[in-house]
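Subject: Structure handover

Hi,

Here is the structure I promised to pass on. Please open it alongside this note.

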Amino acid sequence: MLTSVDTDLLRVLADPLRLQIVTLLAKETLCTTHLIEETGAKQTNLSNHLKVLREAGVVETEPCGRFTYYRLKPDVIASLAGQFADLAETARATAADNVKRSCP
């Protein structure tokens, strides 16, 4: 059983704008222009957040003429969800077995 979660990925997704971007990209592949319209973020701010998401491996890009489209990598999100599921299972087993450390 896995008992820890990818903290780097959690930090990346903890930002409200990045989480909003990920939520939008879960529904469809979008270009920067679409993401600016949907989020109301400034272009430079949005680009910086997209860079963080790209570097973390959460999104991938697809050039299309003078635009760049962004697509969510579902396996990354599924992996994180699996880590949380494993953590929950560990907690269930611990509770069922009444595992606790004795105080000194």
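In which sense do strand E1 and strand E3 pair, and over how many bridges? Strand E1 (residues 30–31) and strand E3 (residues 67–72) run antiparallel, and they pair over two bridges.

Before the rest, some ground rules. This is a predicted model: local features need pLDDT of at least 70, side-chain atom pairs count only at pLDDT 80 or more, and totals for chains, interfaces and linings use all residues. Residues are numbered from 1 along each chain as its sequence is written, and side-chain values use heavy atoms, with hydrogens and water left out.

**Strands**

Strands (E, at least two residues) and helices (H or I, at least four) are DSSP runs, numbered from the N terminus. Two strands count as paired if DSSP finds at least two bridges between them. Within the E1 pairing, Leu30 has Tyr70 in E3 as its bridge partner. Strand E2 (residues 59–64) also pairs with E3. That pairing is antiparallel, over six bridges. Here Glu60 stands opposite Arg71 of E3. The hairpin of E2 and E3 has two residues between the strands. In this hairpin, Gly65 takes a positive phi near 65°.

**Salt bridges**

A salt bridge here is a side-chain nitrogen of Lys or Arg within 4 Å of a carboxyl oxygen of Asp or Glu. The count is five.

Exposure also comes up below. Buried means under 20% relative accessible area, exposed over 50%, and partly exposed in between (1.4 Å probe, protein chains only).

- Glu62 and Arg71: their side chains meet at 2.3 Å, N to O. Glu62 is partly exposed, at 33% relative accessibility. Arg71 is partly exposed too, at 29%. Glu60 joins these two residues in a network of salt bridges.
- Asp8 and Arg11: this salt bridge is 2.9 Å, N to O. The two residues sit three apart in helix H1 (residues 7–14), so about one helical turn separates them. Both are exposed.
- Lys51 and Glu55: the N to O distance in this salt bridge is 3.9 Å. Both residues lie in helix H4 (residues 43–55), four apart, about one turn of the helix. Lys51 is partly exposed, with a relative accessible area of 42%. Glu55 counts as exposed because its relative accessibility is 62%.

A good place to begin is Arg71: this residue faces Glu60 across the strands and makes a salt bridge with Glu62.

Best wishes
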